[in-house]
Amino acid sequence: MHSDEILSSILEDPAFKPFINRVQVLPEREGVYAPFPADVSDSLREVCISRGMERLYSHQEESFRESRAGRNVVVVTPTASGKTLCYNLPVMQTLLEDGEARALYIFPTKALSQDQQSELNSMILGAEGDVRQSRIPLKVSIYDGDTPQSLRNEARDKGRIIITNPDMLHAGILANHTRWIRFFSNLKYIVIDEMHTYRGIFGSHMANVLRRLLRVAAFYGASPRFILCSATIGNPAELAGRLIGSPVHLVDTNGAPSGKKTIVLYNPPLVDAVQGIRRSVMNESQRWALAFLKRGIKTILFAHSRVRTEVIASYINDSLSNVYTANHGITVVPYRGGLLPLERRKIEKGLREGSIQGVVSTNALELGIDIGGLDAAVVAGFPGSFSSFWQQAGRSGRRQTASVAVFIASSSPLDQFIMSNPEYFFSRPQETAHIDPDNPYVLADHLKCAAFELPFTDTERALFPPDETSDILSWLEEDGIVRHVQGRWHWSDRSFPSESISLRSATADNVVIVDTTKGRNDIIGEMDRPSAKELLFPNAIYIHLGKQFVVTSLDIPNRKACVEETESNYFTDAVVKTDIKVLSEDESVTGGKGITVVTADLLVRNQVSKFKKLRFHTHENIGFGEIALDAEEHETRGMVLLLDKIDSESEGLAVFPSSWEDLDEAGRGEVLAGLSHVLRSVAPFFLLCDSRDIGVWPRVRDPHYGCAAVYVYDRVPGGTGLSEALSQEVRKVFDAAGRRVAECGCDAGCPSCIGVHASGAVIKDSARELLTFIAETSE
């Protein structure tokens, strides 16, 4: 824990003070407590007391009471508020009362599953270290892709609490439910942690997986209750209800105490006032982390790419090695995707036990993995959403101690807007999450899986929407995938449907990274295929836990990258170009004044064409290199909005607002960028998706259509129906977008409307008029 004097000395440091934009203190908060409910067993109460929990927080008691009363519960409280006990306590009490009862815990990542198993085992095993001698004799088992085959049978037969992830539940457990008869027959609770991650298309998939789970459980006579936990979002009860298909009781009154938290907004000094270029976020975040670490403050630094994570960690360690001897060193490590599971667990353990004092992480540590008591968080650049920032800031002070979080702005317009408008930053409402379980593309995929698991009956109405289900099953029968016999729909295809359906809409192909230095053949990491093309191209500098390697070859067909140790004074950064090509048009509708809406098949190509060599510390570009790799491409569905298109039935061009007509191409480009920004934030309300599910691509002069165009496309290969849905809601979506801009209180554009633009008020007014024009002239 750091003292006020230590923090004040850092904030008053002349190297930092002139560039601190705002210091906001969130006061400490007293806890609101409740006694253990009478129906908590003595053994469970004593275990909690031995772990320092002599009483419950009010939200823990409410969650226990409501879930034990048979209600579905969603708990929404801040980071480090004891949400884990909100589900562990009622689950463990029920399992102690009923020797056959089972529970299923679902976490979005394997790392969270490992963390929860450690937490449960520490409660169950206690000082005895043996479940057979424990007073809470509950077997906890992880069942995921890393579980050895030899342990899977034991987990199915003896596991009282099974911990898994959505992907394994979808493809491994439900498809083989006949091996889980004892488990499903006695399933009492389903726990879903980090509920806020299940949004958009991923959340829509998850809702259908839960429909299938409840359907299988009902087949075996079980009717489990749900306990869901989430970070703070704008619509938790709505999201939880959509996910599980039933009403939920919302627990959102936080009873946990919290220490004082200081939020610092820091704007690095200008190095080029004319161009608005500021000192590097990487270097500035390193300086802040060092200031904390040298004063004994355990620190987490969030960078937002794998390369930045490794580079900043190496900067910090280089600086520390010049000051401290080996006997008095401070250990700082990078944590990111691509590390081997044992490497990640070693880092997590080191943070919990205190042998590691600092960590530089991507958003991989944003979720609730227990990494011990960190007192400072440094966020290097805006993380993409305000909820992500508060999640990352909440990683410091997780033990109710005083803590500090520093947001270091980049030169980007959004970061600079926050620096100019700190009140907006601190008062902005929480983002909402949307899903559409009845999306026909997603629903069709899961009806295939459900039919494979159990035949559908004509009268089945409880879980899946009846009309849509009947239509899709009839369509599947026409394709020979199911057959209808005596009122039941049976699976008749030879395929294993869940294997070909990805919940996360991402490639499952991983490239292994092999160290071949001096004849070695050691696997040191792995990476998904698209990322490998950007980070593991031949001659790339790959940094792994601070050690430099040069990539000697990348074999995409065989999913293998070979690297050798090297020493370099630079790191590499790939240049990626994105392009969209129209493959075919399905429908083209022209409004009364020439606005045309096209639905089409699109080809989206991401081409890694060259790479930059950036010198360490100065980030000076010291050269380029060529990359000869095939483009990463996928076909998808899109809606194209065409402006200035000639209507063959009219006498000329559409008459657009004068504010648009008077702009040059650069100005129109800014207007279209602003229109795209607000469209990306408004459309999800109508499409019931997440903003990350759609791509918006403006072109001032589109090479295919020869006019200004805005492409809105599904990011998921093949499409998920979002573009078609948007083409039917153009008037409503653009009307809402126009009202969003008109009602926004800013003068010249902000993140809540059109984004931040150099031309300010002119662009905002033009974008508002153009949005209104499109809404009024669309069919």
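## A guided tour of helix packing and buried sites

Taking a disulfide to be a pair of cysteine sulfur atoms within 2.5 Å, the count here comes to 0 disulfides. Before selecting anything, note that this is a predicted model, in which local features need pLDDT of at least 70 and side-chain atom pairs count only at pLDDT 80 or more, while totals for chains, interfaces and linings use all residues. Residues are numbered from 1 along each chain as its sequence is written, and side-chain values use heavy atoms, with hydrogens and water left out.

**Stop 1: the cysteines**

Select Cys744 and Cys750. Why is there no bond from Cys744? The closest cysteine sulfur, that of Cys750, is 3.4 Å from the sulfur of Cys744, which is too far for a bond. Cys744 is buried at a relative accessible area of 17%, where buried means under 20% relative accessible area, exposed over 50% and partly exposed in between, with a 1.4 Å probe and protein chains only. Now select Cys48, whose sulfur has its closest cysteine sulfur in Cys86, at 12 Å, again too far for a bond; Cys48 is buried too, with 0% relative accessibility.

**Stop 2: helix 2 and helix 4**

Keep Cys48 in view and add helix 2 (residues 42–50) and helix 4 (residues 83–97). Helices here are DSSP runs of H or I with at least four residues, strands are runs of E with at least two, and both are numbered from the N terminus. Helix 2 and helix 4 pack at an angle of about 150°, with their axes 10 Å apart; axes are lines fitted to C-alpha atoms, for helices over the stretch in contact, and angles run from 0 to 180 degrees between N-to-C directions. The two helices are therefore roughly antiparallel to each other, given that angles over 145 degrees count as roughly antiparallel, under 35 as roughly parallel, 65 to 115 as roughly perpendicular and the rest as oblique. The crossing of helix 2 and helix 4 is right-handed, a term for the near helix being turned clockwise from the far one by less than a right angle, with anticlockwise giving left-handed.

Contact means heavy atoms within 4.5 Å, and here it is made by Ser43, Leu44 and Cys48 of helix 2 with Leu85, Leu89, Met92, Gln93 and Leu96 of helix 4. By class, this contact has 6 nonpolar, 2 polar and no charged residues, where Ala, Val, Leu, Ile, Met, Phe, Trp, Tyr, Cys and Pro count as nonpolar, Asp, Glu, Lys and Arg as charged, and the others, Gly among them, as polar.

**Stop 3: helix 4 and helix 5**

Stay on helix 4 and add helix 5 (residues 110–125), which packs against helix 4 at about 50° with the axes 12 Å apart. This pair is therefore oblique, and its crossing is right-handed. On the helix 4 side the contact uses Thr84, Leu85, Tyr87, Asn88 and Met92, and on the helix 5 side Gln116, Glu119, Leu120, Met123 and Ile124. These residues divide into 6 nonpolar, 3 polar and 1 charged.

**Stop 4: helix 3 and helix 10**

Select helix 3 (residues 58–68), which is mostly covered, with 9 of its 11 residues buried. Among them are His59, Glu61, Glu62, Phe64 and Glu66. Just after helix 3, Gly70 takes a positive phi of about 95°.

Then move to helix 10 (residues 236–244), where Pro236, Leu239, Ala240, Gly241, Leu243 and Ile244 are buried. What do the buried residues of helix 10 pack against? Their partners are strand 4 (73–76), helix 9 (200–219), strand 9 (225–230) and strand 10 (249–251). Gly245, which follows helix 10, has a positive phi near 75°.

**Stop 5: Glu632 and Thr720**

Select Glu632 in strand 30 (residues 632–643), a residue that is buried at a relative accessible area of 15%. Leaving aside residues up to four places away in sequence, Glu632 touches Arg529, Pro530, Lys533, Val604, Arg605 and Asn606.

Thr720 comes next, in the loop between strand 32 (708–714) and helix 22 (722–727). Thr720 is also buried, at 5% relative accessibility, and with the neighbours up to four places away set aside it touches Ile201, Asn439, Tyr441 and Asp714.

**Stop 6: helix 21 and helix 23**

Finish with helix 21 (residues 665–687) and helix 23 (residues 730–743), whose axes come within 9 Å and cross at roughly 120°. Helix 21 and helix 23 are therefore oblique to each other, and the crossing is right-handed. The contact includes Leu675, Phe685 and Phe686 of helix 21 and Phe734, Arg740 and Val741 of helix 23, and its residues divide into 12 nonpolar, 1 polar and 2 charged.
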